[in-house]
Structures are given as C-alpha cells and as structure tokens.
Amino acid sequence: MDATANKQLVGIVIIVICCLGVMPRLSYGGSLDYRHEYKHHTEQHNNRLKLSYSTSAFYYGGFVKFATEKNPDGSQDAFGRIKAPEAMLDVGTKHKINEQWYFRPGIRAGGGKGFHATDLQARLGFNPQGVPLKTYARYRRSIKNYHQSDKKSTVKNKLTLSLIYSHGANKLLLKTNVIRAETKPIYHNKKTDYDYSLGYSRDIQQWQLYMEVAEVSAHSKTATRQARTRVGVKYNFDK
C-alpha cells in the first residue's frame with residue numbers, strides 16, 4: 001500500500017469512527033454501509049464505506065471509496081495495494097409534498113489525489129399508499145476538476161430511475177441509469193452510456209444484507225458490456 005494512501009485511508013476511517021460514536025444520539029435515522037464491487041470483464045474491484053443520517057428536514061453524511069493499484073493488464077485485486085482513496089460529503093434537504101410525494105435536493109463535494117469534484121442532485125420520490133413499492137427519479141450533474149493544468153475537467157449528467165418492492169424483510173430492487181457526458185466519449189466513442197441492475201436485500205433486525213447484479217459498459221472506445229456484482233452489509237441505528 002502506498003504510504004500516502006495509507007495515511008489518507010486511516011484518517012478517513014478515524015473520522016468515520018468518531019462520527020459513529022455521536023450519530024445514534026444526534027440522528028433521527030442513520031446507517032453505516034459497506035459495499036464491495038467487482039466488474040467481471042475488466043476484473044476490477046472497488047470498495048465503499050458510507051456513513052449517513054438524517055432528521056425530519058435534512059440528510060447528511062459521507063462516503064469513501066478505495067481500490068487497489070491496477071495490475072499491468074488493467075485488472076485489480078480485491079484487497080492489497082490500496083491506491084489513493086476518494087471521499088465525498090453529502091448534504092441536502094427533505095421536502096414532503098404530500099403523503100405520497102417527496103422532493104430531496106442536495107449536493108456532494110469532495111475529491112481524491114489530483115482532483116476535486118462536485119455533484120448537484122435532486123430526487124423526486126413517489127411512494128403509493130397501500131402498495132409496498134417505493135420509487136424515485138434522480139438527476140445528478142457531476143463536475144470533476146483535475147489539478148493538472150493540462151487535464152480538462154469532465155462533466156456528466158445522470159438520470160436514475162429506481163423501484164423497490166418490499167415483502168416482509170425482503171426487498172427487490174430494479175434500477176436503471178442513463179448518463180450523458182458533455183466533455184468526452186464514455187461508451188463506444190459516444191457521449192451517452194446506460195446501465196441497469198437487479199438487486200435483492202434482506203433485513204435481519206438492525207442489519208441488512210444485499211447483493212446486486214448489473215450490466216454496465218466496459219470501455220469508452222468499444223461497445224463491450226460486462227457484468228458488475230455488488231455485495232454489501234448495512235447497519236441501521238434507528239431500528
């Protein structure tokens with residue numbers, strides 16, 4: 001592991017632990033979520049640790065992503081030589097329109113080695129009464145600025161549609177994303193990409209175990225698609 005990356009990761013974990021100690025007393029609802037991701041064609045791994053909590057009017061938290069250094073063939077090991085992690089803070093407000101509709105605008109900001117990023121986002125949710133179904137549409141505009149003067153900033157727009165069906169302790173997730181880049185091609189030499197995923201989760205008291213399978217693009221210059229799997233565990237403080 002790179003020494004600088006190691007110090008960054010340790011510092012972020014310490015902050016997360018400190019927040020964890022005060023969260024149950026301060027928050028209306030909170031959770032700690034760890035997720036591992038694997039892209040099968042490019043053989044790349046990624047990890048995410050997310051801490052979040054909310055009140056009746058606000059939500060806030062943050063997450064850190066960390067992956068290993070790429071091997072000569074472009075693949076990554078699940079754990080090992082961790083490269084510089086990325087971290088972002090996530091804040092926003094919650095607005096109840098009526099018993100079924102809600103609106104959540106917010107902003108994410110952070111960065112990593114050699115860049116900083118800002119995401120502006122807004123979610124419109126619909127939870128029909130009498131039906132164990134939750135849905136939402138989210139728009140996110142991501143701007144990534146590099147610290148190297150010869151490297152141009154990138155801008156992406158993402159529209160997400162999500163449906164979650166609950167049956168007791170079990171939940172099924174169907175989600176799709178459409179991404180439109182403004183600065184450079186992101187899939188098959190074009191500026192438009194997409195993905196869709198199917199997920200399953202189960203609540204066990206305060207814990208939630210989940211997995212997700214998706215089809216995503218593999219390269220910006222080819223039409224190659226690949227499977228992406230995610231598995232994770234979440235601990236909910238408010239249950």
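**Salt bridges in the predicted model**

In this predicted model, Glu99 and Lys96 are joined through their side chains by a salt bridge, with an N to O separation of 3.2 Å. Glu99 is exposed, its relative accessible area being 55%, and Lys96 likewise counts as exposed, at 63% relative accessibility. The structure as a whole holds ten salt bridges, and two others, described below, bring in strand E13.

One of these is the pair formed by Arg230 and Glu37, whose closest N and O atoms lie 2.8 Å apart. This salt bridge links distant parts of the chain, since Arg230 belongs to strand E13 (residues 225-236) and Glu37 to strand E1 (residues 29-39), with the two positions 193 residues apart in the numbering. Arg230 has a relative accessibility of 13% and therefore counts as buried, the cut-off for that class being under 20%; Glu37 is buried as well, with a relative accessible area of 10%.

The other pair consists of Glu215 and Arg225, whose side chains meet in a salt bridge at 3.5 Å, N to O. Because Glu215 lies in strand E12 (residues 207-217) and Arg225 in strand E13, this pair ties together parts of the chain that are ten residues apart in sequence. Glu215 is partly exposed, with a relative accessible area of 24%, whereas Arg225, at 18% relative accessibility, counts as buried. Shared partners also connect individual salt bridges with one another: Glu37, Glu212, Arg228 and Arg230 are joined in this way into one network, and the bridge between Arg230 and Glu37 has already been described above.

Key: Residues are numbered from 1 along each chain as its sequence is written. This is a predicted model: local features need pLDDT of at least 70, side-chain atom pairs count only at pLDDT 80 or more; totals for chains, interfaces and linings use all residues. Side-chain values use heavy atoms; hydrogens and water are left out. A salt bridge is a side-chain nitrogen of Lys or Arg within 4 Å of a carboxyl oxygen of Asp or Glu. Helices (H or I, at least four residues) and strands (E, at least two) are DSSP runs, numbered from the N terminus. Buried means under 20% relative accessible area, exposed over 50%, partly exposed in between (1.4 Å probe, protein chains only).
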